[in-house]
Amino acid sequence: MRIRVPLLLACLPCLAGAVSAATPGPLPPAADRQLARDILKELVEINSTHEFGSTSAAHAIEHRLLAAGFNASDVMFLAPPEQPSKGNVVVRYRGKGAAKPVLFLGHLDVVDARPEDWSVAPFKLTEQDGWFYGRGTIDMKDGDAALVESLIRLKREGFVPERDLIFAFTADEEAGGDANGPAFLLKDHRALIDADFAINFDGGGGDTKGGEPLYFEVGTSEKTYLTFTLETTSPGGHGSLPGPDNAIYRLADGLGRWESYRFPVMITATTRAYFAQMAALESGETAADLRKVAGTPPDLAAADRLSQTVRLNALLRTTCVATLISGGHAENALPQRAKATIQCRMMPGDSAQKVEAALVRTLADPKISIKMDAPPIVSPESPPTPQIMTKVGTVVHSMWPSVPLVPTMATGFSDDRQTRNAGIVSYDLSGVWLDANENRAHGRDERVGMREFDESVEYTYRLVKAMSAAH
């Protein structure tokens with residue numbers, strides 16, 4: 001996933017202290033810093049797109065951990081028998097058994113990247129001007145590398161946690177998704193990854209603006225996606241004899257009506273607190289509108305003004321957008337069929353039935369068929385308990401003092417939907433700082449700052465140790 005759109009939760013003492021100036025965080029020892037970079041390079045240079053699968057990347061991690069002295073019985077490669085290229089590796093770091101294990105998640109697959117679209121080779125780690133470039137450097141082989149390095153470092157130091165630590169490096173979180181790793185493991189190997197709670201490195205982390213830190217995100221929830229296929233047909237015929245019944249025009253007219261539709265504002269307890277607290281960090285009309293939207297009932301005129309900002313609009317309501325379209329069969333023939341795909345991101349508390357009903361009303365044409373491609377996977381929020389927030393805050397502030405901690409909701413989705421629906425509360429806690437105005441995940445020239453990556457390695461090591469405590 002790795003999309004950052006902040007969403008605050010109220011009544012937590014996690015915003016104390018002003019945002020400090022941009023001060024570099026501590027780094028791991030030189031040998032560990034180099035090891036993490038070597039692991040990142042190895043993983044980035046394995047093409048683990050949907051077409052190729054994650055098995056090679058899983059085996060690379062497996063081999064590194066066995067070489068570091070882990071018992072073979074604690075490093076398990078697992079793949080669905082019918083999908084051998086969609087490999088996962090599950091690692092158990094044995095502890096004292098004083099509490100139920102903690103699960104750390106990182107997906108190994110990446111979205112495709114066309115070399116002709118990039119200024120550097122996408123499946124090669126390139127160092128340039130203080131950046132690491134390559135597919136997966138933010139989504140999310142940076143997190144995988146930091147987790148693997150932390151495992152090796154802890155093993156070398158002889159660290160014994162109070163509870164077992166489970167690390168699952170998994171398949172098919174991205175496009176394709178027909179052999180999703182956490183879903184497969186929960187269904188067929190639940191005992192291997194059953195945990196008190198899960199930490200996912202596919203979200204969260206620090207947001208900066210102009211080089212200055214804004215806040216550190218703790219991902220606690222996410223929107224849910226669902227997809228509809230619209231289709232209409234017409235008799236067709238010779239292109240020289242156009243008539244009033246044209247599938248392409250009918251579908252285009254319907255899509256035009258849909259483009260103008262805006263879902264009603266939905267304010268949850270989470271979003272209300274977010275807007276109220278963000279008002280304190282803004283000024284002028286924006287601050288006033290944020291306070292008004294946080295009111296009961298929300299001020300809809302203020303919501304309309306805030307909706308002019310794409311990110312705030314996504315936090316205020318369910319959104320749906322046309323993403324694919326096709327029609328006709330020959331340039332000299334009248335179209336017999338036209339089809340479009342509508343992709344929706346649904347707010348918590350909304351329902352697929354309500355979204356579909358809005359489509360039907362707005363398209364207002366019974367000749368446009370509407371098919372829901374699959375029911376949405378709705379997942380619950382994971383409450384940011386004082387226990388979790390205190391642990392996270394201790395680690396974050398040991399790295400970056402006084403930075404506010406902000407529980408957030410993602411507008412995208414991740415493997416959290418699998419673990420949360422299995423009863424394992426899950427938090428997104430990447431350690432990488434990214435510019436809030438730059439989102440290269442899934443895009444061209446994906447990159448992570450070299451210093452930021454090194455800092456995330458140290459953060460990950462400290463976070464794993466902190467989460468290993470029984471209380």
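## Around P122

Let's start with P122. Leaving aside residues up to four places away in sequence, P122 touches V44, A113, P115, G134 and R135. As with everything here, this comes from a predicted model. P122 sits in the loop that runs between strand 3 and strand 4 (126-128).

Is P122 buried or exposed? With a relative accessible area of 2%, P122 is buried. Y133 is 11 residues along the chain from P122, and the C-alpha atoms of the two are separated by 7.5 Å.

## Strand 3 and its partners

The loop with P122 follows on to strand 3, so to speak, as a topic of its own. Strand 3 covers residues 102-107, and 6 of its 6 residues are buried, so the strand is largely enclosed by the rest of the structure. Which residues point which way? V102, F104 and G106 go one way, L103, L105 and H107 go the other, and all are buried.

Strands in a sheet pair through backbone hydrogen bonds, and they can do so parallel or antiparallel. Strand 3 has a parallel pairing with strand 6 (residues 165-170), over 6 bridges. In that pairing, L105 stands opposite A168 of strand 6. Strand 3 also pairs in the parallel sense with strand 7 (residues 197-200), this time over 4 bridges. There, F104 stands opposite I199 of strand 7.

## An open sheet of four strands

Now for another sheet. This one is open, has 4 strands in the order 12-14-10-15, and uses antiparallel pairing. Strand 12 (319-327) and strand 15 (369-372) stand at the edges with a single partner strand each, so one side of each has no neighbour in the sheet. From one strand to the next, the twist averages 20°.

How many bridges join strand 10 to strand 14? There are 10, linking residues 224-233 of strand 10 to residues 337-346 of strand 14, and the two strands run antiparallel. Across that pairing, E231 of strand 10 faces K339, its opposite in strand 14. Helix 6 (residues 247-259) packs on this sheet, where it touches strand 10, strand 12 and strand 14. The direction of helix 6 makes about 20° with that of strand 14.

## Aromatic pairs

You describe a pair of aromatic rings by how far apart the centres are and by the angle of the planes. A search of the whole structure turns up 12 aromatic pairs. In one of them, the ring centres of W258 and F263 are 5.8 Å apart with the planes at 85°, so this pair is edge-to-face. Both partners are tucked away: W258 is buried at a relative accessible area of 5%, and F263 is buried at 7%.

Then there are W400 and Y459, with ring centres 5.9 Å apart and planes at 35°, so that pair is tilted. W400 belongs to the loop between helix 12 (386-399) and strand 16 (405-410), while Y459 belongs to helix 14 (residues 450-467), so the pair ties together parts that are 59 residues apart in sequence. W400 counts as buried at 5% relative accessibility, and Y459 is buried too, with a relative accessible area of 0%. W400 and Y459 also join F216 and W433 in one aromatic cluster.

## Charges over rings

Some rings have a charged side chain for company. R153 lies over the face of Y461, 3.5 Å from the ring centre. K155 has its charged end over the ring of F70, 5.2 Å from the centre of that ring.

## Helices that pack

For two packed helices, the things to give are the angle between the axes and the distance between them. The axes of helix 12 and helix 14 come within 10 Å and cross at roughly 145°, and the crossing is right-handed. On the helix 12 side, the contact is made by I388, K391, V392, V395, V396, S398 and M399. Helix 14 brings E455, E458, Y459, R462, L463, A466 and M467 to the contact.

What about helix 7 (residues 269-279)? Its buried residues include T270, T271, A273, Y274, F275, M278 and A279. Among the parts that cover the buried residues of helix 7 are strand 9 (212-222), helix 8 (284-293) and helix 10 (310-316).

Conventions. Residues numbered from 1 in each chain as written. Predicted model: local features only at pLDDT ≥ 70, side-chain atom pairs only at ≥ 80, totals over all residues. Heavy atoms only, no water. Buried < 20%, exposed > 50% of the residue type's maximum accessible area, 1.4 Å probe, protein only. Pairing = 2+ DSSP bridges. Phe/Tyr/Trp six-rings, centres within 6.5 Å; stacked < 30°, edge-to-face > 60°. Lys NZ or Arg CZ within 6 Å of the ring centre and 35° of its normal. Contact = heavy atoms within 4.5 Å. Axes fitted to C-alpha atoms, helices over the stretch in contact; angles between N-to-C directions. Left-handed = near helix turned anticlockwise from the far one by under 90°.
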